[in-house]
Amino acid sequence: MMPLLSLVFSALFILFGTVIVQAFSDSNDERESNPPDKEEAHEKAGKTEPSFAKENSRIPKKGFVEVTELTDVTYTSNLVRLRPGHMNVVLILSNSTKTSLLQKFALEVYTFTGSSCLHFSFLSLDKHREWLEYLLEFAQDAAPIPNQYDKHFMERDYTGYVLALNGHKKYFCLFKPQKAVEEEEALGSCSDLDSSLHLGDSRGKSSCGLGPRPIKGKLSKLSLWMERLLEGSLQRFYIPSWPELD
């Protein structure tokens, strides 16, 4: 009788032991299988983050465009000693056009403020006209500068011009409003016409008048120019050294 009971207890012990061991092994399998799932999820997230960053690299980091004035105080830090790979996009304006041009300028370049390599400034034509004209002498084909004997010399309007200045490599790219191109062509035709007319002819005076120069539309194609600037497809004008800004 005793050997039979011990045999039964042994069988029951082996059965319960097998069940308990199987239960522990199942729970361990589940625990081991969960971390890889989490790792895979992290890997997937890591793969999607760079593409999202690329898509949103041009999204502005700020809710506004920070445009500083380029003066003799900020000239060295914002241009001459600008870090390699950085550019300063400078808007040329006058006291009378400052408000209108700055508003339009901010709208045109707003989508490009996400780049940390671009800085935005403005230069007063009333204060630093000589500096601008010296710089434009290196871009004769794009912006011919008349000599001092040209009767229209003081009538030249450079408001709305934009220069992308690379302080480290000493070159700049130039944006000219379409209105400026039309005025240059008109000035050329006026010079030819005036030479063939009498001084007292009123028709010559009316035909050579440049007329009003509206601010609206001067920067209408600036965003397209900025696209080409980032692509590196714009013409570059190199200078030997940056002139002083008095």
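A salt bridge here is a side-chain nitrogen of Lys or Arg within 4 Å of a carboxyl oxygen of Asp or Glu. I looked for such pairs in this model, which is a predicted one.

**Entry 1. Salt bridges**

I found four salt bridges in the structure. I began with Glu 133 and Arg 129, whose closest N and O atoms are 3.0 Å apart. Both residues are in helix 4 and four residues apart, so about one helical turn separates them. I then looked up their accessibility: Glu 133 is buried, and Arg 129 is buried as well.

Next I took Lys 104 and Glu 108, which meet in a salt bridge at 3.4 Å, N to O. These two belong to helix 3, where they are four residues apart, or about one turn of the helix. Lys 104 has a relative accessible area of 29%, so I noted it as partly exposed. Glu 108 has 11%, and I put it down as buried because buried means under 20%.

The pair of Glu 69 and Lys 127 has its closest N and O atoms 3.2 Å apart. Glu 69 is in strand 1 (residues 67-69) and Lys 127 is in helix 4, so this salt bridge ties together parts that are 58 residues apart in sequence. I noted Glu 69 as partly exposed, with a relative accessible area of 24%. Lys 127 has 54%, and I recorded it as exposed because the cut-off for that word is over 50%.

**Entry 2. His 128**

I stayed in helix 4 and looked up His 128, which lies there. Is His 128 buried or exposed? Its relative accessibility is 8%, so it counts as buried. I then listed its contacts, leaving aside neighbours within four places in sequence: Leu 70, Thr 71, Leu 123, Leu 245 and Asp 246.

**Entry 3. Aromatic pairs**

I counted seven aromatic pairs. One of them is Tyr 75 with Trp 131: the ring centres are 6.0 Å apart and the planes stand at 90°, so I wrote the pair down as edge-to-face. This pair links distant parts of the chain, with Tyr 75 in helix 2 (residues 75-80), Trp 131 in helix 4, and the two positions 56 residues apart. I checked accessibility for both: Tyr 75 is buried at 4%, and Trp 131 is buried at 6%.

I also looked up Phe 105 and Phe 120. Their ring centres are 6.2 Å apart and their planes are at 75°, so this pair is edge-to-face too. It links distant parts of the chain: Phe 105 is in helix 3 (residues 98-109) and Phe 120 is in strand 3 (residues 118-124), 15 residues apart. I noted both Phe 105 and Phe 120 as buried.

**Entry 4. Thr 159**

I found Thr 159 in the loop between helix 4 (125-136) and strand 4 (162-166). With a relative accessible area of 3%, Thr 159 is buried. Which side chains have a polar contact with that of Thr 159? I found one of 2.6 Å to Asp 157 and one of 2.7 Å to Lys 218. Not counting residues up to four places away in sequence, Thr 159 touches Ile 92, Leu 93, Ser 94, Thr 97, Leu 101, Leu 125, Pro 177 and Lys 218. Lys 218 therefore entered my notes twice, as a polar partner of Thr 159 and as one of the residues it touches.

**Entry 5. Cysteines**

How many disulfides are there? I counted zero. I looked up two cysteines all the same. Cys 117 is partly exposed, with a relative accessible area of 32%. Cys 173 is buried, at 2%.

**Entry 6. Confidence**

Last, I looked up the predictor's confidence. The chain has a mean pLDDT of 74, and 54% of its residues reach 70 or more. Over residues 35-57 the pLDDT is below 50, and I found one contact in the model for this stretch beyond near neighbours in sequence. Residues 195-207 also stay under 50, and there the model has five contacts beyond four places in sequence.

Key: Residues are numbered from 1 along each chain as its sequence is written. This is a predicted model: local features need pLDDT of at least 70, side-chain atom pairs count only at pLDDT 80 or more; totals for chains, interfaces and linings use all residues. Side-chain values use heavy atoms; hydrogens and water are left out. Buried means under 20% relative accessible area, exposed over 50%, partly exposed in between (1.4 Å probe, protein chains only). A polar contact is a pair of N or O atoms within 3.5 Å; within protein, one must be able to donate a hydrogen and the other to accept it, and residues adjacent in sequence count only if both atoms are side-chain atoms. Contact means heavy atoms within 4.5 Å. Rings of Phe, Tyr and Trp (its six-membered ring) pair if their centres lie within 6.5 Å; planes under 30 degrees apart count as stacked, over 60 as edge-to-face and the rest as tilted. A disulfide is a pair of cysteine sulfur atoms within 2.5 Å. pLDDT is the predictor's confidence in each residue, from 0 to 100.
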